[in-house]
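Work through the exercises below with the sequence and the coordinates open beside you, and try each task before reading its solution.

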Amino acid sequence: MAKNYFLKIFAGFALLGLMASCNTTSDPTESIPNPDEGAPPQKILSKVSVNASSEEEFVTTAGVLEKAVFKDEVNTNANYTGTVTYTNKKITNIKFVSTASTSMNYTFDITPDGKGNIYNASCVATSVNAGAAYVSDLAFTYDTAGKLTKVLEKRKVGGITAYNVFVENLFTYSGENIAQVTVSKGMLDINGTPNMATAVVSKYSFQNYDTQKSPYSTLPKPFFIIRGLISPGHLYKASPNNPTSKYFQLPSPAAPVNTAQTYSYDQQGYPLVEKNQNIVFTYKNL
């Protein structure tokens, strides 16, 4: 009887010891679940390279664009720096300054509307060639859906005190994406009205957009509208998606330019590489 009693006590202590060893945090066989990775981090475009050479760089702080550096298309060994100024978190001034002394420099003063879109703007363009310099006023027209449909710029060129030149940009869309911009440049009549008979016309078509996110959509749309008014071939960067072809019809004798584009994307749907022109997009997390 006593023997059975002591056996029961021993078994009880053994069971308590086993339970204690199972509860210890030092057990190397304990299974720890993987932590929840959560939503992927937000990102912002920081650099665009072509054939391993920097084409565009965007300097941002806490998701706010401060300046952009990109190639000068007139002086190919030079760069433009676009410096952005904000008022109440809306873009109100952009200055584009080239490292080439012979290139035009531009200062845009912008009046935004309540949504941050450009309501109107003015520009001072300076040049070592006094005859090419101008000051201008730009009027922006939107449709009822809030899409930009026209920008009419009236310029005072070469120091003339009256408006004498116009540049009209007409936008058409495919969904939310800019499908074509027709740019007409000509003379104003004595009433300050565009004389279309004098206009030279260029057409910039951005076609067959994908359904993925544009890398430029991580940056302020008004910046790319203003940059595109200087160089319309870049206006597709104000679209939410990516064109898979571009077709530019330029004034004679220039030949049309047709470009196909194919992308690879990251898991969030942003392009990483454009394969045809060997363009690489680099982002940073916010």
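**Exercise 1: The surroundings of Tyr-106**

Task: list the residues that Tyr-106 touches, not counting residues up to four places away in sequence.

Solution: In this predicted model, Tyr-106 touches Tyr-80, Ile-94, Lys-95, Phe-96, Cys-123, Val-124, Ala-125, Tyr-134 and Ile-230, once residues up to four places away in sequence are set aside. The next step is to place Tyr-106 in the nonpolar interior: the largest nonpolar core has 50 residues, and Tyr-106 is listed with Phe-58, Phe-96, Phe-140, Phe-206, Phe-223 and Ile-226 as the members that touch the most other members. Helix 2 gives the most to this core, with 5 residues.

**Exercise 2: The covering of helix 2**

Task: find how many of the residues of helix 2 are buried, and name them.

Solution: Apply the cut-off first, since a residue counts as buried when its relative accessible area is under 20%. By that criterion 8 of the 10 residues of helix 2 are buried, and the helix is mostly covered. The buried residues are Pro-222, Phe-223, Phe-224, Ile-225, Ile-226, Arg-227, Gly-228 and Leu-229, and among them Phe-223 and Ile-226 also belong to the core members with the most contacts to other members.

**Exercise 3: Two aromatic pairs**

Task: for the rings of Phe-96 and Phe-223, decide how the pair is classed, and state which parts of the chain the pair ties together.

Solution: The structure holds 16 aromatic pairs. One of them joins Phe-96 and Phe-223, with 5.9 Å centre to centre and 45 degrees between the planes; planes under 30 degrees apart would count as stacked and those over 60 as edge-to-face, so the rest are tilted, and this pair is tilted. Phe-96 lies in strand 5 (residues 90-98) and Phe-223 in helix 2, so the pair ties together parts that are 127 residues apart in sequence. Both Phe-96 and Phe-223 are buried.

For contrast in geometry, turn to Phe-206 and Phe-248, which form an edge-to-face pair with 6.0 Å centre to centre and 85 degrees between the planes. Phe-206 lies in strand 12 and Phe-248 in strand 13 (residues 243-249), so this pair ties together parts that are 42 residues apart in sequence. Both Phe-206 and Phe-248 are buried.

**Exercise 4: From strand 2 through strand 3 to strand 4**

Task: trace the bridge partners that lead from Glu-56 to Phe-70, and from Phe-70 to Tyr-80.

Solution: Begin with strand 2 (residues 53-61) and strand 3 (residues 64-71), which run antiparallel and are joined by 6 bridges. Within this pairing, Glu-56 has Phe-70 in strand 3 as its bridge partner. The two strands form a hairpin with 2 residues between them, and Ala-62 in the turn has a positive phi of about 50 degrees. Strand 3 in turn pairs with strand 4 (residues 79-87) in the antiparallel sense over 5 bridges, where the bridge partner of Phe-70 is Tyr-80.

**Exercise 5: Unusual backbone geometry**

Task: what are the phi values of Asn-51 and Asn-208, and which peptide bond leading to Pro-253 is cis?

Solution: Keep the background in mind, namely that most residues other than glycine have a negative phi, and most peptide bonds are trans. Asn-51 has a positive phi of about 50 degrees although it is not a glycine; Asn-51 sits in the loop between strand 1 (43-50) and strand 2, and is exposed, with a relative accessible area of 53%. Asn-208 likewise has a positive phi of about 50 degrees without being a glycine, but Asn-208 is found in strand 12, where it counts as exposed at 55% relative accessibility. Finally, the peptide bond from Ser-252 to Pro-253 is cis, with omega near 10 degrees, and Pro-253 is placed in the loop between strand 13 and strand 14 (257-260).

**Exercise 6: Ser-214 in its loop**

Task: is Ser-214 buried or exposed, and which backbone nitrogen lies 3.1 Å from a polar atom of its side chain?

Solution: Ser-214 belongs to the loop between strand 12 (200-209) and helix 2 (221-230), and with 2% relative accessibility Ser-214 counts as buried. A polar atom of the Ser-214 side chain lies 3.1 Å from the backbone nitrogen of Tyr-216. Leaving aside neighbours within four places in sequence, Ser-214 is in contact with Ser-239, Pro-240, Asn-241, Asn-242 and Tyr-270.

Notes
Residues are numbered from 1 along each chain as its sequence is written. This is a predicted model: local features need pLDDT of at least 70, side-chain atom pairs count only at pLDDT 80 or more; totals for chains, interfaces and linings use all residues. Side-chain values use heavy atoms; hydrogens and water are left out. Helices (H or I, at least four residues) and strands (E, at least two) are DSSP runs, numbered from the N terminus. Buried means under 20% relative accessible area, exposed over 50%, partly exposed in between (1.4 Å probe, protein chains only). A polar contact is a pair of N or O atoms within 3.5 Å; within protein, one must be able to donate a hydrogen and the other to accept it, and residues adjacent in sequence count only if both atoms are side-chain atoms. Contact means heavy atoms within 4.5 Å. Two strands pair if DSSP finds at least two bridges between them. Rings of Phe, Tyr and Trp (its six-membered ring) pair if their centres lie within 6.5 Å; planes under 30 degrees apart count as stacked, over 60 as edge-to-face and the rest as tilted. A nonpolar core is a set of buried Ala, Val, Leu, Ile, Met, Phe, Trp, Tyr and Cys residues joined through side-chain atoms within 4.5 Å.
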